[in-house]
Amino acid sequence: MVTAVRYLGPNWYASVMGTAALATAGAALGVGGIHELLVGVWALSLLQLLALLAARALHWAHHPDQARAHLLDPAMAPFYGCLSMALLAVGGGTLALGRDWIGEPAAVALDAVLFAAGTAVGLAAAVAVPYLMAVRHRVEPGQATPVWLLPLVAPMVAAALGPRLVPHLPAGQARETLLLACFAMFGLSLLATLLMLPLVFARLVTGGPLPLALTPTLFLVLGPLGQSTTAVGAFADVAPGVVPAPYDGGFGLLAVLYGVPVMGFALLWLALAVSHLVRARRQGMRFAMTWWAFTFPVGTCVTGAAALGRHTGLAVYDWLAVGLYGLLVVGWVAAASGTVRGLLGGALLAGPRPVPAGPLPVTGRTAPDAVR
């Protein structure tokens, strides 16, 4: 077991996020008849989280050299934001679904613990990873990928899920403080994303398509878009009676005036990402852990569309949420099945392949044989 976790990176937390998103996004639809199934999916995400936390603890304890190498790798370090989002996603599902399994008092306590831990880790990652990129990593504009957004989105996840705890706090200062703290994290993450996203888009349009294995990461851009729409909807849900007038009504206006155009851009980006994905599949893209990007970013768009349905009263957003959830289910099945096959085959936990010491020998084949 100790040897098996040597190459277990923080990117594995994305699988927890994807499973939790499948559960919580389904709960946001409010469709009857699948609630018990969704509770089971949430329980699976909790078991995944516990198993992965234990495995990562072994990784840090027995392979600190590899753990430090991940921090100093500009391609891997941003995934430390996934630890925060995994904690937050499972915690958010606790109040929505887990209360049916463990009871409301235990659900509130567990969500509070996971929210506090996830928020602390997310804020630390939002500072530490860009700092490492600036002073320790050596990155070029042409290396920009949507993965760079991960540590910056983590505070937005906290902002979207924190309002669920507001009604469980004492009325007055405590509730207003948590709500406005979530609003501050919304602004922190949004502005940081607006700084980073132009680098990603510029890389895409000037440097050509991403490598095949990284093409699924284009779906990560949906994360801050859908999660921020979800967040403003959550603020509007709990603001009445928590913040004084007229600010409580202002959150309701923000939910619509911000959410509608941002969801429009999310749909534009979804079409762009799907187009790149179709191209990559035609060129032979194979399974990689990046396929989990098909899950949790789409899940945020499901909850964002459901929030717009609540606050606008328009059925089109409810149908949009259902359609996006269907896409989420397909993405989760593809990512989960690929992960299980990779684990059973041993490929996902294997170390990097050795690089040949010298050039391959030249044979005396004819040109047509060499092409084959």
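Trainee: Which helices each supply at least two residues of the lining of the largest cavity?
Mentor: In this predicted model, a search of the whole structure finds 1 cavity of 30 Å³ or more. Its lining is made up of L222, A266, L267, L270, V298, C301, L324 and L327. The elements that each supply at least two of these residues are α9 (247-282), α10 (296-312) and α11 (315-345).

Trainee: Which helix gives the most to the lining of the largest cavity?
Mentor: The lining residues include A266, L267 and L270, and α9 runs over 247-282. With 3 residues, the helix that gives the most is α9.

Trainee: How do the residues of the lining of the largest cavity divide into nonpolar, polar and charged?
Mentor: The space in this cavity is about 40 Å³. Among its lining residues are L222, V298 and C301, and Leu, Val and Cys count as nonpolar. The division is 8 nonpolar, no polar and no charged.

Trainee: Are α6 and α7 roughly parallel or roughly antiparallel to each other?
Mentor: The axes of α6 (residues 150-161) and α7 (residues 173-207) come within 8 Å and cross at roughly 150°. Angles over 145 degrees count as roughly antiparallel. The two helices, α6 and α7, are therefore roughly antiparallel.

Trainee: Is the crossing of α6 and α7 left-handed or right-handed, and which residues make the contact?
Mentor: The crossing of α6 and α7 is left-handed. From α7 the contact takes C182, M185, F186, L188, S189, L190, A192, T193 and M196, and from α6 it takes L152, V153, P155, M156, A158 and A159.

Trainee: How many residues of the contact of α6 with α7 are nonpolar, polar and charged?
Mentor: S189 and T193 of α7 take part in this contact, and neither Ser nor Thr is listed as nonpolar or charged. The contact of α6 with α7 has 13 nonpolar, 2 polar and no charged residues.

Trainee: How do α1 and α2 meet, roughly parallel or roughly antiparallel?
Mentor: The axes of α1 (residues 13-29) and α2 (residues 35-62) come within 9 Å and cross at roughly 160°. The crossing of α1 and α2 is left-handed. Given that angle, α1 and α2 are therefore roughly antiparallel.

Trainee: How many residues of the contact of α1 with α2 are charged?
Mentor: On the α1 side, the residues include Y13, V16 and A20, and on the α2 side they include W42, L49 and R56. Arg counts as charged. The contact holds 13 nonpolar and 5 polar residues, and the number of charged residues is 1.

Trainee: Which residues lie closest to the centre of the largest pocket?
Mentor: About 1,100 Å³ of space lies in the largest pocket. It is lined by 39 residues, and the closest to its centre are N11, M76, A288, M289 and T290.

Trainee: Which element gives the largest share of the lining of the largest pocket?
Mentor: By class, this lining has 25 nonpolar, 11 polar and 3 charged residues. The largest share, 3 residues, comes from α11.

Trainee: Which elements each supply at least two residues of the lining of the second largest pocket?
Mentor: The second largest pocket has a volume of about 660 Å³. Of the 35 residues that line it, L161, R164, Q227, T230 and T303 lie nearest its centre. The elements that each supply at least two are α1, α4, α6, α8 (222-238) and α10.

Methods:
Residues are numbered from 1 along each chain as its sequence is written. This is a predicted model: local features need pLDDT of at least 70, side-chain atom pairs count only at pLDDT 80 or more; totals for chains, interfaces and linings use all residues. Side-chain values use heavy atoms; hydrogens and water are left out. On a 1 Å grid over the protein atoms alone, a cavity is a set of points where a 1.4 Å probe fits but cannot get out, and a pocket is an open set with protein on both sides within 12 Å along at least five of seven lines; lining residues have an atom within 4 Å of a point. Grid points are joined across faces, edges and corners, and a volume is the space filled by probe spheres set on the points. Helices (H or I, at least four residues) and strands (E, at least two) are DSSP runs, numbered from the N terminus. Axes are lines fitted to C-alpha atoms, for helices over the stretch in contact, and angles run from 0 to 180 degrees between N-to-C directions. Angles under 35 degrees count as roughly parallel, over 145 as roughly antiparallel, 65 to 115 as roughly perpendicular and the rest as oblique. A crossing is left-handed if the near helix is turned anticlockwise from the far one by less than a right angle, and right-handed if clockwise. Contact means heavy atoms within 4.5 Å.
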